[in-house]
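The following exercises are to be worked with the sequence and the model side by side. Each task is followed by a solution in steps.

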Amino acid sequence: MKTHYFSNFRRGAQTALSLVLGGMFLILGTVELLYLNKIWGAVFVAVGALVVLVPQFTIHAGYTYREGVIRVNKGFFSVSEMKAAEIPVLLITVYDAYKQWKGFKPVYTTVNGERKIVPALLLLGGVNERDLELCDTRCNAKICCKETLKGEMFLNFRFLEQILNAGFAGKIYINEPVYLSYQAQFDALLSEENKDNTVVFRRTGGNAEQK
């Protein structure tokens, strides 16, 4: 059975921003074409079309799981495939995203009436445990693990279950705030073998702790 997921959690807000900015350029370009300067009008229309269309490849990039194989679309027609059972490391940390005028900030959602941080999942070829303290957010983890990064997305627990059921036997690293927020879900999904290979780490306080 093939299942499809999206990598980006804030698709609606980012799509709206792209459409608004692109639409402004398109309207300005149309006015320029009809009443003022056709050259500048064509430039503004072209820019507007690019602003509307190009970001969609990244905003709506996704990944699929089918019979133990993960296929990740990284945007702009860049695709990678890997077997779930052969992934060495799963890194679960805080999902952050760019907010206008505020920079990259953690993203929150509401679960059963409770406000919780959105978790992120990174598929890695390996990780230096000494760098874990710096992997407190998705973007920081991508910088620290850029050489071994195979794919990244917001954490869908159904997808995590599929990876674990496919025979995954690698290491799992979970940022402590995420683990505490979703401890019931993690405890329900992780087998005893998975728990033995799971490390919960924190931003400060020294060494990572194994659960």
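**Exercise 1. The chain as a whole**

Of the contacts in the chain with a separation of 6 or more, what percentage is accounted for by residues 24 or more positions apart? Describe the overall build of the chain as well.

*Solution.* The model is a predicted one.
Step 1. Residues 24 or more positions apart account for 66% of those contacts.
Step 2. The secondary structure comprises seven helices and 14 strands.
Step 3. Along the principal axes, the C-alpha atoms fill a box of roughly 70 × 40 × 35 Å.
Step 4. The chain has 211 residues, of which 40% count as buried. Its exposed surface is about 11800 Å², with 57% supplied by carbon and sulfur atoms.

**Exercise 2. The nonpolar cores**

Identify the residues that touch the most other members of the largest nonpolar core, and state which elements supply this core.

*Solution.*
Step 1. The largest nonpolar core has 30 residues, and I70 and F186 touch the most other members.
Step 2. At least two residues of this core come from each of β2 (62–66), β3 (69–73), β5 (89–94), β10 (119–124), α4 (157–165), β12 (171–175) and α5 (176–181).
Step 3. The element that gives the most is α4, with five residues.
Step 4. Beyond residues up to four places away in sequence, F186 touches I92, L155, F157, L160, I174, V178 and Y179.
Step 5. Another core, of eleven residues, lies apart from the largest one; L91, C135, A141 and V199 are among its members.

**Exercise 3. Helix α4 and its ends**

List the buried residues of α4, then examine both ends of the helix.

*Solution.*
Step 1. The buried residues in α4 are F157, F159, L160, Q162, I163 and L164.
Step 2. To interpret such a pattern, recall that an α-helix has 3.6 residues a turn, so residues three or four places apart point the same way.
Step 3. The N-terminal end of α4 is capped by N156, with a side-chain oxygen 2.9 Å from the backbone nitrogen of R158.
Step 4. Just after α4, G167 has a positive phi of about 100°.

**Exercise 4. The β2–β3 hairpin**

Determine how β2 is joined to β3, and why β2 is described as largely enclosed.

*Solution.*
Step 1. β2 and β3 run antiparallel and are joined by four bridges. One bridge pairs Y63 with V72 in β3.
Step 2. The two strands form a hairpin with two residues between them, and E67 in the turn has a positive phi of about 50°.
Step 3. Because four of its five residues are buried, β2 is largely enclosed by the rest of the structure.

**Exercise 5. Two cysteines**

How many disulfides does the structure hold? Assess C135 and C145 individually.

*Solution.*
Step 1. The structure holds zero disulfides.
Step 2. For C135, the nearest cysteine sulfur is that of C145, 4.2 Å away. A disulfide requires sulfur atoms within 2.5 Å, and C135 is in none.
Step 3. C145 is likewise in no disulfide, the sulfur of C135 being its nearest cysteine sulfur.
Step 4. C135 is buried, because its relative accessible area of 0% is under the 20% cut-off. C145 also counts as buried, at 4% relative accessibility.

**Exercise 6. A polar residue in α7**

Is N194 buried or exposed, and which residues does N194 contact beyond its neighbours within four places in sequence?

*Solution.*
Step 1. N194 is located in helix α7, residues 192–196.
Step 2. N194 is buried, because its relative accessible area is 7%.
Step 3. Beyond those sequence neighbours, N194 is in contact with L164, F168 and I172. Of these contacts, L164 is one of the buried residues of α4.

How values were computed. Residues numbered from 1 in each chain as written. Predicted model: local features only at pLDDT ≥ 70, side-chain atom pairs only at ≥ 80, totals over all residues. Heavy atoms only, no water. Buried < 20%, exposed > 50% of the residue type's maximum accessible area, 1.4 Å probe, protein only. Contact = heavy atoms within 4.5 Å. Core = buried A, V, L, I, M, F, W, Y, C linked by side-chain atoms within 4.5 Å. Pairing = 2+ DSSP bridges. Areas by Shrake-Rupley, 256 points an atom, 1.4 Å probe, with all protein chains shown as cover. Polar contact = N/O pair within 3.5 Å; in protein donor to acceptor, adjacent residues only side chain to side chain.
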